[in-house]
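Student: I'm new to this one and would like a close look at a single part. Could you take me through the salt bridges, and then show me what else is worth seeing around them?

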Amino acid sequence: VPPPREVMRGGCRAICRYLGRMHAGVSTGKLDMGGLGLREFPTDHERIRGVTAAVFRGNRLRGIPDTIGDFEVLRELQVDNNELIALSPRIGSLWQLMTLNLANNLLNALPPSASGLSMLLRLSLMDNQFH
């Protein structure tokens, strides 16, 4: 699966950085895709679904797709400082999730399924648009 368009537009250096981080994430179980200017969650989720930590801090993500539910062993998800307006209801199926950082986004609600995150120890929701 090729890198997203926004990475491709960044040229060879951006492509190499993206692919290198994907490879490191698969190898270590800790995926750090922070600060790459991503607008969408990686579509190559089959390759990375075994990670235990995923960092997407400081991108331009607008949503978390349904494929997040495929990340069955995820324990940490950092998606702060993005442009999130919605989370997939499948976020509630991440039963091993212990840390969820959603700070500094545009969220005004969490899906009801988030109440199923029974292992959650750390939740950050600061600087969103909750009423």
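Tutor: Let's start with Arg60 and Glu83, which form a salt bridge whose closest N and O atoms are 4.0 Å apart. Bear in mind that this is a predicted model. Arg60 sits in the loop between S2 and S3, while Glu83 sits in the loop between S4 and S5, so the pair ties together parts that are 23 residues apart in sequence. As for how open the two ends are, Arg60 is partly exposed at a relative accessible area of 36%, and Glu83 is partly exposed too, at 30%.

Now look at another pair. The side chains of Asp80 and Arg57 also meet in a salt bridge, at 2.9 Å from N to O. This pair links distant parts of the chain: Asp80 is in the loop between strand S4 (76-78) and strand S5 (86-87), Arg57 is in the loop between strand S2 (53-55) and strand S3 (63-64), and the two are 23 residues apart. If you have just found Arg60 and Glu83, you've already met these loops: Arg60 is in the one between S2 and S3, and Glu83 is in the one between S4 and S5.

Is Asp80 buried or exposed? Asp80 has a relative accessible area of 6%, and it counts as buried because that is under the 20% limit. Its partner Arg57, at 35% relative accessibility, is partly exposed. So what does Asp80 touch, leaving aside its neighbours within four places in sequence? Its contacts are Phe56, Arg57, Gly58, Asn101, Leu102, Ala103 and Asn105. Arg57, the salt-bridge partner, is on that list.

How many salt bridges turn up when the whole structure is searched? There are 3, and the one we haven't visited yet joins the side chains of Asp70 and Arg90, at 3.5 Å from N to O. Here too the pair links distant parts of the chain, with Asp70 in the loop between S3 and S4, Arg90 in the loop between S5 and strand S6 (99-101), and their positions 20 residues apart. Arg90 is partly exposed, with 33% relative accessibility.

Keep going along the chain from S6 and you get to Asn104, which is in the loop between S6 and strand S7 (122-124). Take a look at its backbone: Asn104 has a positive phi of about 60° although it is not a glycine. Asn104 is partly exposed, with a relative accessible area of 29%. Asp127 is another residue other than glycine with a positive phi, in this case near 55°. You'll find Asp127 in the segment after S7, and with a relative accessible area of 56% it is exposed.

Next, swing back to the loop between helix H2 (11-28) and strand S1 (30-32), where Gly29 is found. Gly29 is buried, with a relative accessible area of 13%. Setting aside neighbours within four places in sequence, Gly29 is in contact with Ala24, Val51, Thr52 and Ala53. For a sense of scale, Gly29 and Phe130 are 101 residues apart in sequence and 32 Å apart in space, going from C-alpha to C-alpha.

While you're in this part of the chain, check the cysteines. Why is there no bond between Cys12 and Cys16? The sulfur of Cys12 is 4.0 Å from the closest cysteine sulfur, the one in Cys16, and that is too far for a bond. The cut-off for a disulfide is 2.5 Å, and the count comes to 0 disulfides. Cys16, likewise, is in no disulfide, with the sulfur of Cys12 as its nearest cysteine sulfur. Cys12 is exposed, with a relative accessible area of 60%, whereas Cys16 is partly exposed at 49%.

One last stop is the largest pocket, which has a volume of about 230 Å³. Its lining has 13 residues, and the closest to its centre are Pro4, Arg5, Glu6, Arg39 and Glu40. Sorted by class, the lining is made up of 7 nonpolar, 1 polar and 5 charged residues.

To revisit the tour quickly, go back to the salt bridges: Arg60 with Glu83, Asp80 with Arg57, and Asp70 with Arg90.

How values were computed:
Residues numbered from 1 in each chain as written. Predicted model: local features only at pLDDT ≥ 70, side-chain atom pairs only at ≥ 80, totals over all residues. Heavy atoms only, no water. 1 Å grid on protein atoms, 1.4 Å probe; cavity = no way out; pocket = protein on both sides within 12 Å on 5 of 7 lines; lining within 4 Å. Points joined across faces, edges and corners; volume = space filled by probe spheres on them. Nonpolar A, V, L, I, M, F, W, Y, C, P; charged D, E, K, R; others polar. Buried < 20%, exposed > 50% of the residue type's maximum accessible area, 1.4 Å probe, protein only. Helix = DSSP H or I, 4+ residues; strand = E, 2+ residues; numbered from the N terminus. Contact = heavy atoms within 4.5 Å.
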